[in-house]
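Work through these exercises with the model open. Each one sets a task and then solves it in steps.

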Amino acid sequence: MKKFVTKSIVYLVLTLLIANFLAFIGLRTLSKSDFFKTTYLVHHFSPNQAFDLTVFGSSRSLAAIDTKLIGEAIDGYSVNFSMDYTALPSTLLMLEHFYAQGYSSEWVVVSLDLPDFETSKTIISENDHRFLPFVSEDYIQRYFEKYEEGWVKPLFSSQYFPVLGYAYYNMELLPPAGLALIKPDYKYLFDELGNYQYPDYLAQEIMPEPRFFETELPNPILDKISELAQKNGSKLIIYIAPYLRDDIKVDNSKFLVINHSRKINDPKYFSDYIHMVNSGKKIATEAFIEEFNILKSSF
Amino acid sequence: MLFNSIEFAIFLPIVFILYWALRKHFRFQLYILLVASYIFYGWWDWRFLSLIIFSSGIDFLIGKRLGTLTVESKRKMLLGLSLLTNLGLLGFFKYYNFFSESLSEAFTFFGKEISTGRLNIILPVGISFYTFQTLSYTIDVYRRKLEPTNDWLAFFGFVSFFPQLVAGPIERASHLLGQFQKPRVFEYLFAVSGLRLIIWGLFKKIVIADNAAFMVDEIFLDYTNQSSLSLILGVVLFAFQIYGDFSGYSDIAIGLSRIFGFDLMLNFRFPYLAQNINDFWKRWHISLSSWFRDYVYIPLGGSRVSTWISFRNVLIVFLVSGFWHGANWTFIIWGLIHGILYIPFFFMKPHQDLHEHSILKNLPKIFLTFTVVCLGWIFFRADSVSQAFNYIGLIFSNEGSSNFIFEANKRKIILTIVMLCIMGMMIIEGYFESKQKKEVLLPSWSLVLIVLFIFYFGGFKNHESFIYFQF
C-alpha cells in the first residue's frame, strides 16, 4: 500500500513537472513570437513605440477598417489591434496590454458592437486564451479571474500551473507554439499593420427590415476605456462600423463617436449582417478617414 | 460526477485514503464505499438516489424472502414483483414517452387521432445498468443459483458501487456480491494494473472520443450538405468515439475497482479486431451480451430448440438489446441489423480458432467486419431511422459538397491527431491480442507519456459526458 501510494505520487509529481515545464516553454515561445495579436503587440514593436492611430475591437473592426489606408491618409503610423471572436471586455484588456508595454497612441479608436452598447456579459471571449502567454501580468490575471466561469478557471490558474490553461486550450495553443518555434515572425491571419482580408463571401440572406436602436452608450467598460486612454494621453473615438440592417442612433453620449451603422447598407458590401467584404472595407475606411479628419481638425 | 472531471480527481483520493485507512474494519469500509457511491451518484441529481435505494431495498427483501420460501407459486410471485418494480421504473423513466408517441403515431396511421400526453421525464443516469444488475441477483436467487444475502450493507454497496454504477460493466451478484462480503486485502500488483487501466481508459475517452465527438456532431448535424468522404469520416469517427467513450469508461471502472480491491468482469476485448459479427459480440459490451444470453436467450430455449426457434431467439435478444440502449426506433433497427448479420455465423460451426492466425493475415475479414459494424453505427447515432437511411444514401450519391473537417485548419489538425491516436491504439491492441492478453497493460514509463499526451491532445474544451450515461 505504502509502495503504491509513494510510487503513484512520484509518477504524478514527475508527470506534472514535465507537463508544466512543457506548457511554460510553449507559452514562452508564443510570447516571443508574432503569432497572435497579443504576442505581436509585445514582440513586433520597439519599446515605447509611438503610434498615431490604433484600432481596438472585434472582427467587425477588422472587416471595416484598413489601417494601411488610414496611415497613408493621415501620414502616420496606424495599426489595427482588433481580434476576432472577442467582446468589449477583451478590447479593454487589449488596450491595457498595449499601454503596459510603454506604447503611446495619439488616437485610440475603439470599435463597438451591438451586444456591448448597454452592458457586457461577464464571460470569457472565444479568443481570450491568446493572452495566456502573459498570465504573469496582474491586469491579465484580474481579467481571467473576473471573466472565467466555474471554479477551476484554467486560464487564471495557469499563473501557478501553466499546464491547466494549456491543456484546456491545447488545440488552440499547441500548433501555434510549434509554428512560432520555427517561424517566430509568422502572423496568424493578419499583416504587418494588423489588417486581415476576410474571404469575399457575399451575404446570401434576404435582407430583412432594418432594426432600430437608440442608446447613450452607458456601458461602464467604456468609461474604463476612456479613463485609461485619457491617463495615457490618447484621444478616444468610439466607432460603430456599418451594419447591413441595424440602425443605431447614439444620443447624448459623453464620448466622441463615429457612428457609421447605416453609412453603407448595400448587401454587396457585406458577407453577412455584421461583417463587410473587402470592397466594403475600403469604402468604410474612406468614410472613417473623412469623418476622422473633421474630428481631428476640431481639436 | 464524471471520471474525467476535477471533482472526481478530488473525490477519488479522499475515498481511497479513508477506505484503506479502515482496512482492518471491513464493515466500515463498506459504509465508506456506500456513502461515496451515493455522493458520486447524487452529485448528478440527488433526487434519483431514492430510486437506487428503493430498487436495492425491494430486491434485498425479495431476495431474503425467496431464500425462505419453498412454495413455487409464491416464489414466482415474488420474482414477478421484483421484475415488475424494476422494469416498471425503467419502463416509466426510459420508455413512457416512446410508447405514448408510438401509440399516437399508430392511431394516426390508421386514420384516427388520439392525444397521448408527453411527460417531461428526466432519465436517471445509469438506470438501465443498475436495474439489470439488481435483477440478476433476484433471478439468480429465484433459480437457486445463488444464496440470498442477509447483509444489507453489502447488497446496497453491490448495487451502487460507484466505479460501475452508471455505465457498467453490468456485474452479476454471483461474481461481485461475494467480494463485498469478505475482507479485502490491498494487492500491489492488482492495484497497479488498475491504475494502468485507468490511464489507458482516460486516453481513449479524452483524446480519441472527445476529440472525435465534436467532428461527428457537426457532420451528423449538417449531413445533407456533406460530401461522401465527409460522411464516411463521420461514421468512422463515431465508431471510434463510441468505442473510446464506452470502453474507456469500462477500463476506468475496472481500474478503479482494482485499487479498491474489487475485481470486475471484462467488458471489451479489442472489438474492432473481430473477424466476424459473432466474434464482435464476444468482444463488445460483454457484460450486457452475456446478461441477455443468461436471462433472455437461455430462458427462451437458447439453442436447445429447433433451428427456427433458435433463430427467433437470437433476433429477440438483439432487438431487446437494441431497445435497451434507448427509446428510439433507431436502436431497434441497429439491434435488428446485428441480429440478421449474427445469425449466419451463429449456425455455422466454428472450423477454426479465430485467434490462431495473425491479425495481418486476417485484415480483410477485420476490415469487412468493421465496415458492417459502421453501417449499424449510422442507425445508432442518427436521430431517426429516415435520417440514417438518408445518410447512407448520401454516402453513395455524393450529393453534398461540404467537407466539415477540411474547411478549417484546426479541424484538420484534430483529425490528424485523432487518426494517429486511433492507429496507435489499434497497434497496441493488436500487440496485446497477439500475446493472447485480454486488456492493455502498458509499462509505467509509457504511462507518463500517455498522461502528457492526454494533457496536450485531449479534448478538454470539447469535454463530453460519457455516451452510455444516457442509456
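**Exercise 1.** Find the bridge partner of A:Ile240 in E7(A).

*Solution.* The partner is A:Asn259. Now widen the view to the strands: E5 (residues 235–240) of chain A pairs with E7(A) in the parallel sense, over three bridges. Pairing requires at least two DSSP bridges between two strands. Strands (E, at least two residues) and helices (H or I, at least four) are DSSP runs, numbered from the N terminus.

The model is predicted: local features need pLDDT of at least 70, side-chain atom pairs count only at pLDDT 80 or more, and totals for chains, interfaces and linings use all residues. Residues are numbered from 1 along each chain as its sequence is written, while chains are lettered from A and ligands numbered from 1 in the order in which they are written.

**Exercise 2.** Give the strand order of the open sheet in chain A, then place the helices H5 and H10.

*Solution.* Start with the order: five strands run E2-E1-E3-E5-E7, with parallel pairing. Strands E2 (78–80) and E7 (257–259) of chain A are the edges, each pairing on one side only. The twist averages 20° from one strand to the next. Next, add H5 (residues 88–100) of chain A, which packs on the sheet and touches E1 (50–56) and E3 (104–111). Its direction makes about 165° with that of E1(A). Contact here puts C-beta atoms, placed from the backbone, within 7 Å. Angles run from 0 to 180 degrees between N-to-C directions, with axes fitted to C-alpha atoms, for helices over the stretch in contact. Finally, H10 (residues 220–231) of chain A lies across E3 and E5, at about 145° to E5(A).

Notes:
Contact = placed C-beta atoms within 7 Å.
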